[in-house]
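This report describes selected structural features of the protein chain shown below. It proceeds from strand pairing to aromatic contacts, a buried arginine and the nonpolar cores.

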Amino acid sequence: MRRLVFGLVLFAACGTAAGQPPPPGLPSPRVQHVFPLGVKAGTTVEVTVTGTDIEEPEKLLFAHPNLKGEYIVPPKELPDPKDPKKTVPAPKANPAGPHKFKVTATGDVPPGLYDLRFVGKWGASNPRAFAVSDQTEVSEKEPNNDVAEAQKIELGTTVSGVISAPTDVDYTSFAGKKGQRVIVSCLASGVDSKAAPMLEVYDTSGRKLAANRNYRDNDALVDVVLPADGDYLVRLCQFTYTAGNPDYFYRLSVGVAPYIDAVFPPVVEPGKATQVTIYGRNLPGGAPADGYTADGRPLEKATVSVTPPADAVGKLTSLTRVDPTTALQDGFTYTLKGPGGTSNPVVIYLARDKLTVKSVPAGTPETAFALAGPGEVAGFLAKRGERDWIAFTAKKGEKYAIDLAAERVGASGDFFFSVRDGKDPKRDLSGDQDDDADTLHPFGFYSRTSDPGAYTFTAPDDGKFFVVVGCRESGSLSGPKAAYRLRIGAALPDFRAVVMPYSRFYQTGSAAWQGGTQGYYVFAHRIDGYAGALDVVAEGLPAGVTAEPLTIGPAARWGLLVLKVAPGAAAATAPITVKVTGTDAAGKTLVRAARPASVTWGTAQPDQNIPVVAKLDQSLVLAVRGEKAPFSITADVPNATIKPPMGKEEKANGPVIVLRQGDKASVPVKAEWVVAEKPNVTLTVEALMQQPQNQPVTATVAGQPTKDKPDVLVNLDVKTNAVPGMYTLTLRGVSQVPFIKDPMAKGKGPNVPAEAFGTPIRVLIIPNAVVKLTPGTLQGNTVKIGTPSELVVKIDRQYDYAGEIKVKFDLPKGTTGVTAAEVTVPAGKDEAKLTLTAAPGTKPGQVANATITATALYGGKYTITTEAKVSFSVTEEPKKK
């Protein structure tokens, strides 16, 4: 499933020619290629960068402080080829690149992948993967298209290369000794490439010894135990020979360093030293792995101790590519060093609950693995076709959140589960729980996985139950690469967040201009039913840059963070941090750093509902430049007009528009231009979810700003069933402005689309009711004069309102004599007891539609009342005989 989804996404994003220009707009640096793709720790390499809008380079910015990229200024003169004692003018360098940099990695930089960004006149670019290794690094040397032209390397070497044409075949040769287990790895998608390489190893007689493709996404991997001393050939090509150009680069590593295929358990408890088993090849101290294989090759195993970082909860740190499918887990990087070098980095994930490791077969109900109390179990399907049975006990009515993660923790199979009755294991209580269709964004950050979605099981009786775990590919996938993590326990509401530059889903970085704005999507991943509002802030901003308020409301999937740049802000390039704050059910504040992400390969046609290739980044970088933003958008929120269905209109008179369910409002919005032409602006309101029509509050723009009429209205409409809470609506304006890059050029230049984000419109939706009242029935449905009668009122709390409630009783107009003291229902309680008393002299008879009123203080500020009607009879106390 993972390979299929990744392949389809990459095919959609890559079905264009190399070097296709980005969508039109004002300059924003974009790096297309970096070559070579890595450097050996403790050395320096010359790197060439190509892309768009990369004029006037300053440096390369890396995600590690001990990686430096210095711009190499082109020489003005070169030695005269006719007379070395003389010089001649050097060819004029193209200001648009390519550009060369001297990249230095100190010896203490851990091997792995790091973000590389270009920094120049127009800002900071999108990141590209750049590797640091402890191997010899060389570049591909052409010609190498046939056996006789094979590029000779030694074991322990990595080659940076390019499949330059669909029919390009690259040969590499190495010498080895009999019995050596040589690992040949080709990173493609793992280093942001479009390539899908086919990898083959031959001996000098032409006998094929091994072949592989798609070992992990589009990366390829083979290992060969050399049958004899001598030379061997590695043949590399694009699978099916259908594509090739500078976008199809690769890193080919040939050596005897350890390679990690899997770690078991794939999850460990935070902050707890844990023994884990490494499965792989060339492992130091490794032993045969009980017959387990990967793509038919035998694996070794070794036991090591790992201790997660103390601050690992809520974080995912990795020195390898992290795709959206695994991006929402917590975890940390692990590598293993051996005589032949350092292994590939892998991620070990964090459990969310007490962890138990399944260490015995559990393929039948009779041999089911018993989970002692709520918690997590880590296991793998040891045999082909096997399913694991996990037993747990529950009491009638208890609710259990069941979460099965496999693809999200590194497995490549399509896992599923079902809940079975402990008394009759054939009785399926849940049906197969399979693929989760949910995704953070339908095409910008496509996090959909083949793992089952969140499932809540309610025990129908006291007793034992089973969770049966299976995999659709179990006929071919088994062993530690078929590992999973299963959690069975109480819901643990929480959230994670991802932040990526607003780009209409094309690769981009940061280019904020004075007086302008920079937008970032913040996607919210809600775990175990977390339904609270999420407040978003930015930290580490350069002087002159401020973050506009942003709250991702309870019913919103994402929000748009707007950074506002002051007209006089100084040029700066700096990493920033976005943090998201929420509150759990116990009132505890939860703070999570949003995980930076970016588009690797996008589309020049925005918003086509086609998933782009995206990944997590290691940092979020903001670049401010001295150019002037051409226009701005301002929403006058305090002067918004609130229009309730009934009653008078009123002004918002503050930074937040407070609306009840069913209310409407109009917000004045104004465009202001810096450019003299004052071109028309097209305003749209950014959606909060995939189906904007389902948003709790919808916004439409009445008219569009023009030079003659810069003021327009944005009309808000709150649904009658809107989920209450704070929501932030963001306006985006686009205008065609004249622009030319060269300041010495004559004329205004052609029109290009420029965008600006307006003042956020913050809307607090207040419910019309926070409780539902259900009055009980008085004894005999009567109140006897002189005798107190108890009326029980059931309270069904709505929208998670947990505060105290005041309940009072009122007779219909014109009726007197029956009273009841007001009662206060404490926080969290759901019942009120009113004592009704008919005073002496009260006229007997029917009382119809007396009113019970519940009053609550929503948000500690807003009074919400709810009414219910009750009817009864007033009778005289029977006279004593």
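## A five-stranded open sheet

In this predicted model, five strands make up an open sheet of mixed pairing, arranged in the order 13-15-20-17-18. Its edges are strand 13 (151-152) and strand 18 (208-212), each of which pairs on one side only.

Within this sheet, strand 15 (residues 169-176) runs antiparallel to strand 20 (residues 230-238), and eight bridges connect the two. One residue pairing is that of D170, whose bridge partner in strand 20 is L236.

## Covered strands and their partners

Strand 22 (residues 259-264) is mostly covered, with six of its six residues buried. Its antiparallel pairing with strand 24 (residues 274-281) extends over five bridges. F264 has T277 as its bridge partner in strand 24.

Strand 40 (residues 463-471) is largely enclosed by the rest of the structure, because seven of its nine residues are buried. Strand 34 (residues 388-394) pairs with strand 40 in the antiparallel sense over seven bridges, and A394 has G463 as its bridge partner in strand 40. Strand 36 (residues 415-421) also pairs with strand 40 in the antiparallel sense, over seven bridges; here V419 stands opposite V467 of strand 40.

## Aromatic pairs and charges over rings

The structure contains 27 aromatic pairs. The pair of Y292 and F380 is edge-to-face because the ring planes meet at 85 degrees, with the ring centres 5.5 Å apart. This pair links distant parts of the chain: Y292 belongs to strand 25 (residues 287-294) and F380 to strand 33 (residues 375-380), 88 residues apart. Y292 and F380 are both buried. Elsewhere, one aromatic cluster is formed by F443, Y502, F505, Y521, F523, W558 and F757.

Two arginine–ring arrangements may be added. The charged end of R128 sits over the ring of W601, at 4.3 Å from the ring centre. The charged end of R213 sits over the ring of F239, at 3.6 Å from the ring centre.

## The setting of R592

Is R592 in strand 50 buried or exposed? R592, which lies in strand 50 (residues 589-593), has a relative accessibility of 13% and therefore counts as buried, the cut-off for this class being under 20%.

The side chain of R592 makes a polar contact with the side chain of D494 at 2.8 Å. When residues up to four places away in sequence are not counted, R592 touches G314, D494, F495, R496, V578, K579 and V580. D494 thus appears both in the polar contact and among the residues touched.

## Nonpolar cores

Which residues touch the most other members of the largest nonpolar core? They are V522, L561, I657, L716 and I761, in a core of 65 residues. Strand 58 (residues 664-673) supplies the largest share of this core, namely five residues.

I657 illustrates the contacts made by one of these residues. Leaving aside residues up to four places away in sequence, I657 touches V637, A640, I642, A652, A665, V667, L716, I761, R762, V763 and L764. L716 and I761, two of the residues touched by I657, are themselves listed with I657 as touching the most other members of the core.

Another core, of 43 residues, lies apart from the largest one; Y292, V322, A483 and L616 are among its members. Y292 therefore has a place in this core as well as in the edge-to-face pair with F380.

Methods
Residues numbered from 1 in each chain as written. Predicted model: local features only at pLDDT ≥ 70, side-chain atom pairs only at ≥ 80, totals over all residues. Heavy atoms only, no water. Pairing = 2+ DSSP bridges. Helix = DSSP H or I, 4+ residues; strand = E, 2+ residues; numbered from the N terminus. Phe/Tyr/Trp six-rings, centres within 6.5 Å; stacked < 30°, edge-to-face > 60°. Buried < 20%, exposed > 50% of the residue type's maximum accessible area, 1.4 Å probe, protein only. Lys NZ or Arg CZ within 6 Å of the ring centre and 35° of its normal. Polar contact = N/O pair within 3.5 Å; in protein donor to acceptor, adjacent residues only side chain to side chain. Contact = heavy atoms within 4.5 Å. Core = buried A, V, L, I, M, F, W, Y, C linked by side-chain atoms within 4.5 Å.
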